[in-house]
Amino acid sequence: MSIVRHDPSSILSNAVEHGDTVYLAGVVAKDLAKDVKGQTQEVLAEIDRLLAKCGSNKSKVLQAQIWVTDIRNRPAMNEAWSAWTEGKNLPARACVEAKLADPRALVEIMVVAAK
């Protein structure tokens, strides 16, 4: 089976395809001035873009790992998440509080999806 890497940087690929599975790196918002809901919406839009590039979409997400810098922001993040998933095809998911690389980043999301 071949491995296809998308949008590489000096330290990672933002998406990797292997067989019928797509692995995304952790995604953070580019506009870190937004609140957690705004950052989550931006992250989910980027996830949509990366999944489409790999021939997949949000309905095929199998697993999501979500990191929030303050667990009290979980409800606002969940508002954006629930709007994005529309309550359908929900993946296995974890959401934990963590310190992120940039202190202005409030949320980071990483997903695995089928093609």
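Is C95 buried or exposed in this structure? At 16% relative accessibility, C95 counts as buried. C54 falls in that class too, with a relative accessibility of 3%. A search of the whole structure turns up zero disulfides. Before we go further, please keep in mind that this is a predicted model.

## The nonpolar core

Let's start inside. The largest nonpolar core has 28 residues, and L24, I47, I66, M77, V107 and I109 are the ones that touch the most other members. At least two core residues come from each of β3 (21-24), α1 (36-53), β4 (61-68), α2 and β6 (107-114). Helix α1 gives the largest share, namely six residues. As general background, nonpolar side chains in soluble globular proteins tend to be buried together.

I47 is a good residue to click on here. Setting aside residues up to four places away in sequence, I47 touches L24, V27, W84, I109 and V111. Two of these partners, L24 and I109, are also listed with I47 among the core residues that touch the most other members.

## Strands around β6

Next, the strands. Strand β6 is largely enclosed by the rest of the structure, because six of its eight residues are buried. With β4, strand β6 pairs in the antiparallel sense over seven bridges, and Q65 stands opposite M110 in β6. With β3, strand β6 also pairs in the antiparallel sense, here over three bridges; in this pairing V22 is found opposite A113 of β6.

Strand β3 has a further partner in β2 (residues 13-18), again antiparallel, with four bridges between them. There E17 is the residue opposite V22 in β3. Two residues lie between the strands in the hairpin of β2 and β3, and G19 takes a positive phi near 60 degrees in this hairpin.

The side chains along β3 alternate: V22 and L24 are buried and point to one face, whereas T21 and Y23 point to the other face and are not buried.

## A tryptophan pair in α2

Which two residues have rings whose centres lie 5.4 Å apart? They are W81 and W84, and their planes make an angle of 50 degrees, so the pair is tilted. The cut-offs explain the label: planes under 30 degrees apart would count as stacked and those over 60 as edge-to-face. The structure has a count of one aromatic pair by this rule.

Both tryptophans sit in helix α2 (residues 74-85), where three residues of separation amount to about one turn of the helix. W81 and W84 are both buried. W81 has a charged neighbour as well: R93 lies over the face of its ring, at 5.3 Å from the ring centre.

## Loops on either side of β5

Where does E86 lie? Its place is in the loop between α2 and β5 (92-97), and N89 belongs to that loop as well. Both residues deserve a look at the backbone: E86 has a positive phi near 55 degrees although it is a residue other than glycine, and N89 likewise has a positive phi, near 50 degrees. For context, most residues other than glycine have a negative phi. N89 is partly exposed, with a relative accessible area of 47%.

On the other side of the strand, L100 lies in the loop between β5 and β6. L100 is buried, its relative accessible area being 12%. Not counting neighbours within four places in sequence, L100 is in contact with W67, T69, A105, L106, V107 and E108. One of these contacts, V107, is among the residues that touch the most other members of the largest nonpolar core. L100 and V28 are 72 residues apart along the chain, yet 9.4 Å separates their C-alpha atoms.

## Burial at a glance

The table gathers the relative accessible areas quoted above.

| Residue | Relative accessible area | Class |
|---|---|---|
| C54 | 3% | buried |
| L100 | 12% | buried |
| C95 | 16% | buried |
| N89 | 47% | partly exposed |

Definitions and conventions
Residues are numbered from 1 along each chain as its sequence is written. This is a predicted model: local features need pLDDT of at least 70, side-chain atom pairs count only at pLDDT 80 or more; totals for chains, interfaces and linings use all residues. Side-chain values use heavy atoms; hydrogens and water are left out. Rings of Phe, Tyr and Trp (its six-membered ring) pair if their centres lie within 6.5 Å; planes under 30 degrees apart count as stacked, over 60 as edge-to-face and the rest as tilted. Buried means under 20% relative accessible area, exposed over 50%, partly exposed in between (1.4 Å probe, protein chains only). A charge sits over a ring if NZ of Lys or CZ of Arg is within 6 Å of the ring centre and within 35 degrees of the ring normal. A nonpolar core is a set of buried Ala, Val, Leu, Ile, Met, Phe, Trp, Tyr and Cys residues joined through side-chain atoms within 4.5 Å. Contact means heavy atoms within 4.5 Å. A disulfide is a pair of cysteine sulfur atoms within 2.5 Å. Two strands pair if DSSP finds at least two bridges between them.
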